[in-house]
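Dear colleague,

I am handing over the structure below, together with some notes on what turned up when I went through it. Please read them with the model open beside you.

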Amino acid sequence: MIRLMGIDPGLRFMGWGMIDVEGNRLKHVASGVIGTDGAESVPLRLCELHGALQKLIREYAPAEAAVEETYVNRNGSSTLKLGYARGVALLTPAYEGLPVAEYGAMMVKKSVVGTGSATKEQVTMMVKRLLPGAIIHRADASDALAVAICHAHHRVSAQHVAAGKRMA
């Protein structure tokens with residue numbers, strides 16, 4: 001059995017989810033959202049995200065983490081702030097010694113729903129179906145669990161590819 005952490009980056013709301021994987025069985029462990037106060041300065045909000053992620057990693061002890069790649073182009077300032085939060089989402093598990101994988105939104109949706117154009121509602125419905133008993137209060141937490149599920153599906157293949165490259 002291995003515990004995986006999924007992270008859906010965001011400066012205002014950062015989703016997180018923990019699942020246990022044994023063979024092809026998935027089990028919901030915990031999930032939620034780290035919220036920051038938009039009135040606070042960006043550096044303080046980033047510190048808050050880092051501290052909360054660090055606490056979750058130490059509490060639940062995942063073996064690996066996966067972070068969703070995010071692309072926002074509507075507003076340059078928002079995209080930059082999202083990039084800061086994504087940096088924290090990548091740095092914190094790596095700093096705690098975890099291998100960190102990254103998956104694009106379309107790959108996550110395709111892995112969980114079967115199509116890269118799935119809606120948030122479809123992702124949430126499938127996450128609930130794949131993780132019976134999971135109570136999801138926000139789409140950010142559902143997205144984070146979807147990232148963890150995607151990683152569960154792809155991590156073994158990625159390890160085989162990496163091993164093949166080392167042997168070549």
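**Strand pairing around β1**

Strand β1 (residues 2-8) and strand β2 (residues 13-22) run antiparallel and are joined by 7 bridges. Please bear in mind from the outset that this is a predicted model. The connection from β1 to β2 is a hairpin that passes through 4 residues, and within this pair I7 stands opposite W16 of β2. β1 also pairs with β4, in this case in the parallel sense and over 4 bridges, with G6 placed opposite A66 of β4. As for exposure, β1 is mostly covered, since 6 of its 7 residues count as buried under the 20% limit on relative accessible area.

**The annotated position, E68**

Which residue does UniProt list under "binding site"? The residue is E68, and the listing comes from an unreviewed entry, so I would keep in mind that such annotations may be inferred rather than shown by experiment. E68 sits in strand β4, which spans residues 64-69, and its relative accessible area of 10% makes E68 buried. When residues up to four places away in sequence are left out, E68 touches I7, D8 and P9, and also R86, Y103, A105, V108 and V147. One of these contacts, I7, is the residue that faces W16 across the β1 and β2 pairing, and another, V108, belongs to the buried set of helix α3.

**Helices α3 and α4**

In helix α3 (residues 105-112), the buried residues include V108, S111 and V112. Viewed down the axis of α3, its buried residues fall within an arc of 90°, and therefore they line one face of the helix. The exposed residues M106 and K110 are carried on the face of α3 that is turned away from this buried side. After α3 comes G114, which has a positive phi, near 110°.

Helix α4 can be described along similar lines. Its buried residues are V123, T124, M126 and V127, and, seen down the axis of α4, they fall within an arc of 170°, so that they line one face of the helix. On the other side of α4, E121 and R129 are exposed.

**Nonpolar cores**

Nonpolar side chains tend to be buried together in soluble globular proteins. Here the largest nonpolar core has 25 residues, of which I19, V21, L26, V127, L131 and I149 touch the most other members. Two or more residues are given to this core by each of β1, β2, β5 (100-104), α3, α4 (120-130) and α5 (139-167), and it is α5 that gives the most, with 8 residues. Setting aside its neighbours within four places in sequence, L131 is in contact with I19, L26, K27, H28, L145 and I149. Another core lies apart from the largest one, and this other core has 20 residues, including M5, V42, L46 and A65.

**Buried polar residues in the helices**

Where is S142, and is it buried or exposed? S142 is placed in helix α5 and is buried, with a relative accessible area of 0%. Not counting residues up to four places away in sequence, S142 touches V123, T124, V127 and I136, and V123, T124 and V127 are among the buried residues of α4. S142 and V127 are 15 residues apart in sequence, while their C-alpha atoms are 6.7 Å apart in space.

T92, which lies in helix α2 (residues 76-95), is also buried, with a relative accessible area of 1%. Its contacts, again without residues up to four places away in sequence, are H50, L53, Q54 and I57.

**Cysteines**

A disulfide is a covalent bond between the sulfur atoms of two cysteines. How many disulfides does a search of the whole structure find? The search finds 0. As to the setting of two cysteines, C47 is exposed, with a relative accessible area of 53%, whereas C150 is buried, with a relative accessible area of 0%.

With best regards

Notes
Residues are numbered from 1 along each chain as its sequence is written. This is a predicted model: local features need pLDDT of at least 70, side-chain atom pairs count only at pLDDT 80 or more; totals for chains, interfaces and linings use all residues. Side-chain values use heavy atoms; hydrogens and water are left out. Buried means under 20% relative accessible area, exposed over 50%, partly exposed in between (1.4 Å probe, protein chains only). Contact means heavy atoms within 4.5 Å. Two strands pair if DSSP finds at least two bridges between them. The arc is that of the directions from the helix axis to the C-beta atoms. A disulfide is a pair of cysteine sulfur atoms within 2.5 Å. A nonpolar core is a set of buried Ala, Val, Leu, Ile, Met, Phe, Trp, Tyr and Cys residues joined through side-chain atoms within 4.5 Å.
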